[in-house]
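Welcome! Open the model in your viewer, keep the selection tool handy, and follow along stop by stop.

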Amino acid sequence: MTEMVGLADVQAARELLAGVTRTTPLEPSRPLSAALGGPVWLKCENVQRAGSYKVRGAYVRISRLSAEERARGVVAASAGNHAQGVALAAGLVGAHATVFMPVNAPLPKVAATKGYGARIELVGNTVDESLVAAQTFAERTGAVFIHPFDHPDVIAGQGTVALEILEQCPEVRTIVTGVGGGGLVSGMAVAAKALRPDVRVIGVQAASAAAFPPSLRAGEPVRLPSFATIADGIAVGRPGELTFTHVRKLVDDVVTVSEEDISRALLMLLERGKQVVEPAGAVGVAALMAGAVEVTTPTVAVLSGGNIDPLLMLRVIEHGLAAAGRFLRVTVRCTDRPGQLASLLSEIAEHRANVVDVVHQRANPHLRLGEVEVALSVETRGVEHSDTLISALRASGYQVVFAGEG
């Protein structure tokens, strides 16, 4: 199935979605606008129904099923966002939904999917493994399989995001969005290129789960041997046949970002943009912040989802602070004598850094006799402040050791 989706398909999908999905806001980003030297806007699909754009494609696909197909029920596989979109859409049209999710799927996404009325099956360690289980279930039971990205109805539904962007920001020159299996970027490229051929459409993948770059080089979908990323919503090991065709023909570029880039973007969005966004939803912003792609402004970055596990958010914030040089983890070795710890902490305080926690130990076999090790977590004001603090400690005779050093 390689027939391309067209603009008329996306426009028809928008008519189906009227009154079902919301037109999400387009918010200006002052930090990104300043960094890029021109207007940058955020398309806030993180506040869409069910927390992501996924409900658009899921509803278009399920609403077009016959009464007999709806009676058989639907089945899907997802790490969370497609699961919620399918569960919500199925409930709206009166169909029963079964959703296969990886065993490590974020608990809030599992709970939300159940809350929309779906039955959950936890199978496999990746979405790809869950997909196989869902397809097997469909063959065994007759349930209609709702693919998360590789179906014309799904692609057309996701493309409605671009229709809204072009109306909200008619002068847009570049659209940047995250890419997993490719449904969103495919649909958006269909709409954008049909209405505004001059608009560049850029896809972004997590570097540790990037199947599109090697696939595009090979000229066909290529499966990654392994992949892992905090951006679980775009952790897909192989592009779809249909989405690959769209991306190859319509998308201008697909770039990658690191886990640190994603963490920094999440922190900026939370701190400066007041936006709760999941890692997969922040990769477009991460690419802009990291300079991974050259863009012409006005630029719109799609925040594709906001379904983040609070525990992951805590870890990501800490990781983002560390990546931005504002959270420092070091071990200081010094002599074991009364008052030494107080002197160390006083020196840190003099440099106006805040100690978050301290672990003091003598039992490390790598320590010399009469030497102690103090592990510190310290909040600083940035990379320059961290470097100044480390230099001052070393100048005072302390041996400062970072993770991975001897």
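Start with helix α11: its buried residues pack against α8 (152-168), α9 (183-195), α10 (212-218) and β9 (253-257). Keep in mind along the way that this is a predicted model. To see which residues are meant, select α11 at residues 241-250 and pick out L242, T243, F244, T245, H246 and V247, its buried residues.

Next, move to the sheet. Four strands make up this open, antiparallel sheet, and their order is β12-β13-β11-β14. Select β12 (354-361) and β14 (399-401) to find the edges: each has a single partner strand, so one side of each has no neighbour in the sheet. Going from one strand to the next, the twist averages 25 degrees.

Zoom in on β11 (residues 327-335), which is joined to the antiparallel β14 by three bridges. Select T331 and look across to β14, where V401 is its bridge partner.

Now add the helices on the sheet. Helix α15 (residues 340-350) packs there, touching β11, β12 and β13 (371-379), and its direction makes about 25 degrees with that of β13. Then select helix α16 (residues 383-395), which lies across β11, β13 and β14 and runs at about 0 degrees to β11.

Last stop: the cysteines. How many disulfides are there? The count comes to zero, with a disulfide taken as two cysteine sulfur atoms within 2.5 Å. Select C44 and C169: the closest cysteine sulfur to that of C44 is in C169, 13 Å away, which is too far for a bond. C44 counts as buried because its relative accessibility is 1%. Finish at C334, also buried, at 9% relative accessibility.

Conventions:
Residues numbered from 1 in each chain as written. Predicted model: local features only at pLDDT ≥ 70, side-chain atom pairs only at ≥ 80, totals over all residues. Heavy atoms only, no water. Buried < 20%, exposed > 50% of the residue type's maximum accessible area, 1.4 Å probe, protein only. Helix = DSSP H or I, 4+ residues; strand = E, 2+ residues; numbered from the N terminus. Contact = heavy atoms within 4.5 Å. Pairing = 2+ DSSP bridges. Axes fitted to C-alpha atoms, helices over the stretch in contact; angles between N-to-C directions.
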